[in-house]
Amino acid sequence: MKRTRGLIALLAVVCLIAGLLAGCGSKKFDFPKKPINMIIPFGAGGATDSVGRAVADAAPKHLGQPMVIVNRAGASGTVAMEEALKSTDGYTMALTSAAILTVQPQIKTLKYSASDFKIISTVVYNPLFLFVSGDSPYNTVQELADDLKKNNKVLKIGHPGVGSTNDMCASAFFNALGANITKIPFKSNSETIAAILGNHVDAGAFHPIEAKEFVAAGKLKILGVFTPERINMYPEVPTIAEGLAKAGYDFKYKTMDFSSWYYLVVPKKTPDDVTNYLVEKMSATINEKEFQEKAKMMNMVIKPMKPEEAEKSLKTIETGYTSLLAELGVKK
C-alpha cells in the first residue's frame, strides 16, 4: 500500500512538472504589438527613401502592423546605422546599403561594423550611372577624358557622402584618369542632382530612378554605367570601362559591379524568434505584387536572397571595396 501511495505521489509530481513545462512551451509569441520603424540613412526624395516607402506600403499586410519611415540623414549613412544599433527588440529595422555596412567602418571610427547586424532581407539592386548636366560639353566618357587630359581641368563632383557607393565608383573612375577633382558632399542624391542642374558641380554618380525625368527632358546626360555589362533599361549606354577603353585607359575595376545593394537589417542582439518572424514576413513583402510593380517603375531589380546567401554576398562586396579604399589611400 505504501509503495502504491509512493508511486501515485511520484506520478503526481511528474504530471505537475509536465504541466508546467507545457505551459512554458505554449507561451504565445506576441510580436509585433505596435508599428515597426524603418530607419532610412538619407533624406526624403532619394532612391533609398523611395525604396523604403515602397516596402513600408506593402509590409502591413504581412506584418499586421504599420511600418513607419524615419529619415536619419548624415555622415554618409552612419548616423542612421548607429541609431538602429540601439534598438534590439525588433521594432526598428534599417534599410541600408553595402557601402554603409562595409566601407564606412573602414574609413572612420564608428560604433558599428557589418558583423553587428543581421540581414533580414535583400530588397533591390540599383545600378549607378555617371551623369552630367544637359548643357555640359561632354557627351561621352571619351570626350570627358580627352578634355581633362588636354586641359588639365579640375572638376567638381557631387556625392551623398564620403565612402558612399556613389563616391566610391566616381573616385575609381576619376582615379583611373589621373584627374584632379574636388569632391562636394551632399545629404542626398537629390541634392547632388539639383547642384548639377544649377551648374554648381560638374558631374555625379546616382541612380536612374532619381534622374529619369531629367534625362527625358534633356536636363541631364548619361555618360556611362558602373556595371561590368550594359544593362537592359539603357542598352545604348556604354559601361564606364568601355568609355575609358576608347579613351585609351584600362579600368582596373571593370569587373566590379558598383550598383547599390539594399538590405533590411536589425542588430545582431535581436531575439532569434523575432528575427525569424521578420525574415518570413519581409520575404513575403518583397515578393508582394504591389512592391514588385513599384520596383519595376523605379527601374530597380529585385534579387531575393536568403540571409545566409546575402551575408556571403556582402563579404564579397566588402573585399572589393577594401582593395579600392587601399588604392585611394583612405583606409583608416
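**Sheet.** I started with the sheet: five strands make it up, open, in the order 7-6-8-5-9, with mixed pairing. I let DSSP call the pairing, at least two bridges between two strands. Helices (H or I, at least four residues) and strands (E, at least two) are DSSP runs, and I number them from the N terminus. At the edges I found strand 7 (180-185) and strand 9 (220-225), each paired on one side only. Neighbouring strands turn by 30 degrees against each other on average, direction ignored. For axes I fitted lines to C-alpha atoms, for helices over the stretch in contact; angles run from 0 to 180 degrees between N-to-C directions.

**Ground rules.** This is a predicted model, so I keep in mind that local features need pLDDT of at least 70 and side-chain atom pairs pLDDT 80 or more, while totals for chains, interfaces and linings use all residues. I number residues from 1 along each chain as its sequence is written, and side-chain values use heavy atoms, with hydrogens and water left out.

**Strands 6 and 8.** I looked up how strand 6 (residues 154-159) meets strand 8 (residues 203-206): they pair in the parallel sense over two bridges. Ile157 stands opposite Ala203 in strand 8.

**Helices on the sheet.** Helix 8 (residues 165-177) packs on the sheet and touches strand 5 (129-133), strand 6, strand 7 and strand 8; contact here means heavy atoms within 4.5 Å. The direction of helix 8 makes about 160 degrees with that of strand 6. I also noted helix 10 (residues 208-216), which lies across strand 5, strand 8 and strand 9 and runs at about 135 degrees to strand 9.

**Rings.** I paired Phe, Tyr and Trp rings (six-membered ring for Trp) with centres within 6.5 Å; planes under 30 degrees apart are stacked, over 60 edge-to-face, the rest tilted. That rule gave me 15 aromatic pairs. Phe173 and Phe174 have ring centres 4.8 Å apart and planes at 75 degrees, so I logged the pair as edge-to-face. Phe173 is buried at 0% relative accessible area, and Phe174 is buried too at 1%; my cut-offs are buried under 20%, exposed over 50%, partly exposed in between (1.4 Å probe, protein chains only). Ring pairs link Phe173, Phe174, Phe226, Phe251, Tyr253, Phe258 and Tyr321 into a cluster.

**Thr255.** I found Thr255 in the loop between helix 11 (240-246) and strand 10 (260-267). Thr255 is exposed, at 69% relative accessible area. Pro228 is 27 residues from Thr255 in sequence, yet their C-alpha atoms are 4.9 Å apart.
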